[in-house]
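I opened this notebook page to keep a record of what I looked up, entry by entry, and of what I found each time.

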Amino acid sequence: MSDKRTADAIIVGGGVHGAAAAYYLKKAGVKDVVLFEKEYLSSGGSGRSAAGLRQHFGTEVNCRLAKYNLECFPTLEEELGGEHKLEFAQWGYLWVAYSQESMTQLEKNVKLQQSLDIPSETLSPQEMKRRWSYLNVDGMIGAAFCGKDGHINPHALTMAYGRAAEKLGAKVLTYSPVDKLLASGNKITGVVAKGEEWSAPRVLLTAGPWSTPLAATIGLDLPVTAERHNLLVTEPIEPFNCPMTLCLDDGAYFKQVPNGSFFFGRDDQDEPKTMESGNSAKFLEGVTKSVLQRIPFLKGVRIVHQWSGPYDVTPDHQAIIDWTPVEGLWTNCGWSGHGLQFGPSGGRLAKEMFFGEKTFVDIHNFRLSRFAEGDLFPEPAFI
Amino acid sequence: MKENDVVVCRCEEITLEEIRSWIDKGYKHFDELKRILRVGMGPCQGRGCRDIILRELSRATGEPISALDPGTIRPPVKPIKAGLCAYGEEVASK
Ligand SMILES: Cc1cc2nc3c(=O)[nH]c(=O)nc-3n(C[C@H](O)[C@H](O)[C@H](O)COP(=O)(O)OP(=O)(O)OC[C@H]3O[C@@H](n4cnc5c(N)ncnc54)[C@H](O)[C@@H]3O)c2cc1C
Ligand code: FES
């Protein structure tokens, strides 16, 4: 690749979606691909996520894409060169319900998943107790479970995509923030990064919640907003393949990761709507209470630290994958807190759109104009 | 014992050799090494390894240690039992 500051495609944002797009574009033979990341790859939502992989969704397009993701993950480490260990594990994903309303929604979702050949099932509290005797199922009405779902190391996943893209000749520029997008008339022409102009006929915006201020630099409105979410990690204990266990009613979840540590997380509507990853003072008490109610024996496990990261929320909790009204500018952002796992499908879609191919799954629901049209399609399995 | 075999991060059992090899691959920030190797993320939160890693990064990049970003230190700074956070009471060890 030449030293000229031009490219066939510029990608803005090195989370999982930007890094995956760089890889799939290079793999498909695009000559000059440049990825800009303001810090290190995975420094945004991607690396801060709980890294749960699931096929439990309540809209068909998400189920189809999720199924594809789970087809990719088992061989992805090898495909991407093996340098970064992805720590992919399939310990399952369990959604528990304490209210009839939540259970009815879970049953509806599972029906849809089963119609698409996703191996999910609904479980009674008795069946849960039989499979995971350490769970306290008091008060639970039932659950949805998919044993093929699991976990991946989110930093490794993002960096592995970036590394593989680089090996194929992409320019991956870390610690290189884009100051603004450049457009002439109604056409994208490039970006300004660290004060330097770069030109390209196509620019992909994969900057998570930062996509909104970036799009605004050329007067384009994107309805993606930030929302801070918190997580904590415990010391490692002997792995017993505890599945990701998540409660729709209070938004709390926990899971064991392959090194034996536990992650605890919990939604809190009062958290600031910010991209800054500060520390919430009240998070620890609330999350440990909710989690220990469901898995009491973890009360003696030591918490090592907490962290936070920004969700990338849209009004219907669905991504925006579309060409924008600015010619040459397309987006893959706004995944609303479930986007890490869509790296493989998001990257593939970005590549198909670049070449003007028919996308492998119908994604018209993800179009940007749905907000103006009032044609939202809310994802019910949003947490 | 060769210098490279020295365990720099005892919490995560990472040797000097591993740290040097990832720096050689182009990962030249403490935050990147932290995400790849978990160095600095153990129960001691990097008290035992941060300075040595910053020294290695300084050597590789030519930047003085004072100019390097040492990463974020997150609460609780000393590991604390989950039961104590939830109910404010000491619980017997697991
Ligand atoms: C606490 C938490 C838990 C989560 N749990 C899960 C989960 O279990 N499963 C799941 O699938 N998803 C989960 N998510 C959601 C997931 O993290 C995101 O949906 C996903 O990572 C989005 O990826 P992305 O590549 O679109 O954006 P990001 O990863 O946010 O990447 C955007 C990148 O753009 C960069 N950037 C910003 N501004 C600029 C600029 N001006 N120039 C250059 N680069 C810039 C940022 O530094 C960042 O690296 C969770 C999120 C959080 C916060
Ligand atoms: S020695 Fe590295 S985190 Fe404790």
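Entry one, a salt bridge. In this predicted model, I looked up the side chains of Glu127(A) and Arg131(A) and found that they meet in a salt bridge, with 2.8 Å from N to O. I then checked where the two partners sit: Glu127(A) and Arg131(A) both belong to helix 5 of chain A, residues 125–131, where they are four residues apart, about one turn of the helix. Counting over all chains, I noted 26 salt bridges in the structure.

Entry two, the surroundings of the ligand. I listed the residues around ligand 1 and obtained 36, the closest being Glu37(A), Ser46(A), Gly52(A), Val178(A) and Gly339(A). Sorted by class, this shell has 18 polar, 14 nonpolar and four charged residues.

Entry three, the origin of the shell. Which element of chain A gives the largest share of the shell around ligand 1? I found that strand 17 does, with four residues; strand 17 spans 302–313, and helix 1 (16–27) and helix 2 (45–48) of chain A also supply at least two residues each. At the level of domains, I noted that domain 1 (5–48 + 155–223 + 316–373) and domain 2 (90–149 + 225–312) of chain A each contribute at least three residues to the shell.

Entry four, polar contacts and burial. I recorded a nitrogen atom of ligand 1 at 3.1 Å from a backbone N or O atom of Lys38(A). For oxygen atoms of ligand 1, I noted 2.9 Å to a side-chain N or O atom of Asp312(A) and 3.0 Å to a polar backbone atom of Leu340(A). Taken alone, ligand 1 exposes 1,000 Å², of which the protein buries 97%.

Entry five, confidence. I looked up the scores last: the predictor gives the complex a pTM of 0.95 and an ipTM of 0.85, while chain B has an average pLDDT of 89, with 93% of its residues scoring at least 70. I add the caution that predicted coordinates should not be read in detail where pLDDT is low.

Key
Residues are numbered from 1 along each chain as its sequence is written. Chains are lettered from A and ligands numbered from 1 in the order in which they are written. This is a predicted model: local features need pLDDT of at least 70, side-chain atom pairs count only at pLDDT 80 or more; totals for chains, interfaces and linings use all residues. Side-chain values use heavy atoms; hydrogens and water are left out. A residue is near a molecule or strand if one of its heavy atoms lies within 4 Å of it. A polar contact is a pair of N or O atoms within 3.5 Å; within protein, one must be able to donate a hydrogen and the other to accept it, and residues adjacent in sequence count only if both atoms are side-chain atoms. Accessible areas come from the Shrake-Rupley method with a 1.4 Å probe; for residues, only the protein chains shown count as cover. Ala, Val, Leu, Ile, Met, Phe, Trp, Tyr, Cys and Pro count as nonpolar, Asp, Glu, Lys and Arg as charged, and the others, Gly among them, as polar. Domain bounds come from an automatic or database domain assignment. pLDDT is the predictor's confidence in each residue, from 0 to 100. A salt bridge is a side-chain nitrogen of Lys or Arg within 4 Å of a carboxyl oxygen of Asp or Glu.
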